[in-house]
Amino acid sequence: MRSVRIEAWGGPEVLQLRDMPKEVPGPGEIRLRVRAIGINRTEITLRSGRSPNKPTLPTKIGFEAAGEVDALGPGVDGLTIGDRVAVLPTYGAADYGFYGDYALAPQRSVVAIPGSVEFTTAAAMWVPFGTAWAGLIQHGRIASGQQVLITAASSSVGLAAIQIARHEGARVIAVTRSPGKARALREHGANEVVVLEQQRLDKTVSELTGGAGVDLVFDPVGGADFSALTELTAAGGTLVLYGALGQGPATLSPFAVLGRALTIRGLSLTRMTRNDQQRAELIRYVTDGFARGLFKTTIAKTFKFDDIAAAHRYVEAGGQVGKVVVTV
C-alpha cells in the first residue's frame, strides 16, 4: 500500500509517499480501503511541528476518511467486507494514518455511509459536524433565541456550526476576514456577517446585539484576539475554544470573565468521542440532520492523492469556503 509518512516537521513538502506492507487489523479494528480523505487543521498543526503532542518520527498522519471495509480484526461484528463506511475520530491525528490507500481504524469509530452519499461527502462530514455539535450542543448548551458568534466561519467546522445553530433556533453572527466569503456565509444560513477587512468586530457586534453581546462564542483562533471575544460576550455567556490558529497564547481579561460570570470551555473532539454515550448522541444528531436534508457539506476543492502536499498548501492559504478533500 501507499502511505504518507512524516520524517521531519515542516511545510507540506515533508509529506512523503512511501510503499508500505499492508497492516493487519488487530482486535476490534478493521482495515479500510480509503477512497477519500478529509483534510483538517489538526493534521497541518501536527505536520508543522506545532502540535503539543508530537509522536516519534517517522510518523503516520491522517484524521478523517471514508472508504470500504477491506479486512476485519478479531472480535469485530456487525460489519462485512465491502461495507461503505466513514470514520468519526476517537484517536489522535497520527494514531491510524488515513493518508494512504489502506489504513486501520477502530470499529468504535466506524459509521455506515448511506447508499446515496458519495465518499467525498462522507469524508467531509464527521470532523466538521462532530466538532460543531460538541461545541454548540454539548458544551455550549445552545438554545432557541440566543445570539451566537462564529469566528473563522468559512471553514468546514464554521459552516457546520452555522447550520446547527440555525437549526436550534439561534441567531448567527458569522465572522470572516474576506469580503469574498460573505455571500457564501449568508447562503449557509448566517443572519449577519462581519467582514474584518471592512468592519470593526467590537463595534459591529455591539450594534447587532443592541450592546448586550452574544450568548455563545465558537472560536478556533484564540491567540491575542481571544480577549476581545470575552468583551463581546453577554453576562452569563459561554465561549468555546476549539483551535489555536492565532499566533501566541490565548489571552483574556480577567475582569470581563469575572464581571460577566463567563464560562470558557476548551473542546477536544476526540476526548468527547471516547465517551460511548456522547459519541452515540453525536452520531444520532448528525445522521438525522443529513437524512432530513437539514445539513449539507461544502467541498471547496478536491485533490488527487499524489497531490496531497498541494492540498495542504491550499488549506494553509486560507482562501477556501468549506472542506478540502483528497481522493484516493
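**Exercise 1. Determine the class composition of the lining of the second largest pocket, and locate that pocket in the predicted model.**

Solution. Step one concerns composition: the lining of the second largest pocket comprises 11 nonpolar residues, 2 polar residues and no charged residues. Step two concerns extent: the space in this pocket amounts to about 190 Å³. Step three identifies the residues: 13 of them line the pocket, and Pro114, Val117, Met125, Thr287 and Phe290 lie nearest its centre. Step four assigns the lining to secondary structure: β7 (110-112) and α10 (276-291) are the elements that give two or more residues. Of the elements, α10 gives the most, with 3 residues.

**Exercise 2. State how many cavities of 30 Å³ or more the model contains, and describe the lining of the largest cavity.**

Solution. The count comes to 1 cavity of 30 Å³ or more. The volume of the largest cavity is about 60 Å³. Its lining consists of 13 residues, and those closest to the centre are Ser156, Leu159, Lys296, Thr297 and Thr298. Turning to secondary structure, α3 (126-139) and α4 (156-167) each supply at least two lining residues. The most is given by α4, with 4 residues. Sorted by class, the lining of the largest cavity holds 5 nonpolar, 6 polar and 2 charged residues.

**Exercise 3. Give the strand order of the open sheet of 6 strands, and identify the helices α4 and α6 as packing elements by the strands they touch.**

Solution. The order is β10-β9-β8-β11-β12-β13, and the pairing is parallel. At the edges stand β10 (192-195) and β13 (263-266), each of which pairs on one side only. On average, neighbouring strands of this sheet are turned by 15 degrees against each other, with direction ignored.

One pair may be examined in detail. Strand β8 (residues 147-150) is joined to strand β11 (residues 214-219) in the parallel sense over 3 bridges. Within this pair, Leu149 has Val217 of β11 as its bridge partner.

The helices follow. Helix α4 packs on the sheet and touches β8, β9 (171-176) and β11; the direction of α4 makes about 165 degrees with that of β9. Helix α6 (residues 201-208) also packs on the sheet, where it touches β8, β9, β10 and β11. The direction of α6 makes about 165 degrees with that of β10.

**Exercise 4. Classify the mutual orientation of helices α1 and α11, and list the residues that make their contact.**

Solution. The geometry is taken from the axes: those of α1 (residues 41-48) and α11 (residues 308-317) come within 11 Å and cross at roughly 105 degrees. Angles of 65 to 115 degrees count as roughly perpendicular. The two helices, α1 and α11, are therefore roughly perpendicular to each other. From α1, the contact is made by Arg41, Glu43, Ile44 and Arg47, and from α11 by His312, Val315 and Glu316. By class, this contact has 2 nonpolar, 1 polar and 4 charged residues.

**Exercise 5. Describe how strand β4 is joined to β3 and to β5.**

Solution. Strand β3 (residues 29-38) and strand β4 (residues 64-72) run antiparallel and are joined by 8 bridges. In this pairing, Ile30 stands opposite Leu72 of β4. Strand β4 also runs antiparallel to strand β5 (residues 84-87), with 3 bridges between them. Here Gly67 stands opposite Val85 of β5.

Definitions and conventions. Residues are numbered from 1 along each chain as its sequence is written. This is a predicted model: local features need pLDDT of at least 70, side-chain atom pairs count only at pLDDT 80 or more; totals for chains, interfaces and linings use all residues. Side-chain values use heavy atoms; hydrogens and water are left out. Two strands pair if DSSP finds at least two bridges between them. On a 1 Å grid over the protein atoms alone, a cavity is a set of points where a 1.4 Å probe fits but cannot get out, and a pocket is an open set with protein on both sides within 12 Å along at least five of seven lines; lining residues have an atom within 4 Å of a point. Grid points are joined across faces, edges and corners, and a volume is the space filled by probe spheres set on the points. Ala, Val, Leu, Ile, Met, Phe, Trp, Tyr, Cys and Pro count as nonpolar, Asp, Glu, Lys and Arg as charged, and the others, Gly among them, as polar. Axes are lines fitted to C-alpha atoms, for helices over the stretch in contact, and angles run from 0 to 180 degrees between N-to-C directions. Angles under 35 degrees count as roughly parallel, over 145 as roughly antiparallel, 65 to 115 as roughly perpendicular and the rest as oblique. Contact means heavy atoms within 4.5 Å.
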